[in-house]
Amino acid sequence: MIQPPDRNALRRIVIKIGSSLVVDELGAIRAAWMQAMAQDIAHWCAEGVEIVLVSSGAVALGRRALGMVDKTLALPEKQAAAACGQPLLIQAWQQPFAAQDVMLAQILLSPRDTEDRRAYLNARNTFSTLLAQHIIPVVNENDTTATAELRYGDNDRLAARVAQMVSADTLILLSDVPGLYTSNPRTHSDATHLPIITHITPEIEAMAGPAASHRSNGGMVTKIQAAKIAH
């Protein structure tokens, strides 16, 4: 089990979970992993930590529901997959959290909600009210209405904006790799893991690569960008 942080130091945490952790290669839900994650988060909550969960996976689940697992999606198809997959994603999270007696709420955001002042304040007030009631907000981008020109396109940067919005003490980006490597460890056997990075330099940014799977829009590039936003 993940040990909870010092609740006197970290009282509010944003956790972003990538698609590859929620959905397997065939587009099926990783139920056992999500159950274990829900148990860890519930334990943190019991220690007095407030959690906001930013979860990818809607498009990946929608792909399977629509029979488009191995297809490159056009924007309307991706929006349709998001529309079909979002209820499945929330249901997949509700089941393990209900077993821990933890209530969830769904929040779908667009860039306007983090850039427009009035929308920003409205969203922040919603987060504050939910957290005060010990409810975990589950956040995703509103892909069903997003356009190619006006969207985040990844939940790493969205999570960083949410962390700013809720005045989080820290932001955690969970992925299927341990962190940043000097090159892609899947294709370069000599890649070296960098456990701690204190400054994001052009050299550090050059080490990142795009998402390695059609199930993901992020990759290490957007995680570094999210770190810059959070910093």
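**Close-up views of a predicted model**

**View 1. Phe 97 and the company it keeps.** Setting aside residues within four places in sequence, Phe 97 is in contact with Ala 38, Ile 41, Leu 53, Val 102, Leu 104 and Ile 136. Keep in mind for this and every other view that the model is predicted.

**View 2. Two nonpolar cores.** Zoom out a little and you get the largest nonpolar core, with 27 residues. Ile 15, Leu 53, Trp 93 and Phe 97 are the ones with the most contacts inside this core. Who chips in two or more residues? That list runs through strand 1 (12-17), helix 1 (19-22), helix 2 (31-46), strand 2 (50-55), helix 3 (58-66), helix 4 (75-99) and strand 4 (136-141). Helix 2 gives the largest share, six residues. Apart from this core lies another one, of 20 residues, and Tyr 120, Val 139, Tyr 152 and Ala 159 are among them. As a general backdrop, nonpolar side chains in soluble globular proteins tend to be buried together.

**View 3. The one aromatic pair.** The structure holds one aromatic pair, and its partners are Trp 93 and Phe 97. Their rings sit 5.9 Å apart, centre to centre, with 45° between the planes, so the pair counts as tilted: that falls neither under 30 degrees (stacked) nor over 60 (edge-to-face). Both residues belong to helix 4, four residues apart, or about one turn of the helix. Trp 93 and Phe 97 are both buried.

**View 4. Leu 174 meets the start of the chain.** Here we're in strand 5 (residues 170-174), where Leu 174 is found. Ile 15 is 159 residues away along the chain, yet the C-alpha atoms of Leu 174 and Ile 15 are separated by 7.3 Å. Not counting residues up to four places away in sequence, Leu 174 touches Ile 15, Lys 16, Ile 17, Gly 18, Leu 21, Trp 33 and Met 37. Buried or partly exposed, then, for Leu 174? Its relative accessible area is 22%, and buried would need under 20%, so Leu 174 counts as partly exposed.

**View 5. The buried side of helix 9.** In helix 9 (residues 220-230), the buried residues are Met 220, Thr 222, Lys 223, Ile 224 and Ala 226. These pack against strand 1, helix 7 (155-165), strand 5 and helix 8 (202-207).

**View 6. Cysteines without a bridge.** How many disulfides turn up with a cut-off of 2.5 Å between cysteine sulfur atoms? Zero. Cys 45 is partly exposed, at a relative accessible area of 27%, and Cys 84 is partly exposed too, at 34%.

Definitions and conventions: Residues numbered from 1 in each chain as written. Predicted model: local features only at pLDDT ≥ 70, side-chain atom pairs only at ≥ 80, totals over all residues. Heavy atoms only, no water. Buried < 20%, exposed > 50% of the residue type's maximum accessible area, 1.4 Å probe, protein only. Contact = heavy atoms within 4.5 Å. Core = buried A, V, L, I, M, F, W, Y, C linked by side-chain atoms within 4.5 Å. Phe/Tyr/Trp six-rings, centres within 6.5 Å; stacked < 30°, edge-to-face > 60°. Disulfide = S-S within 2.5 Å.
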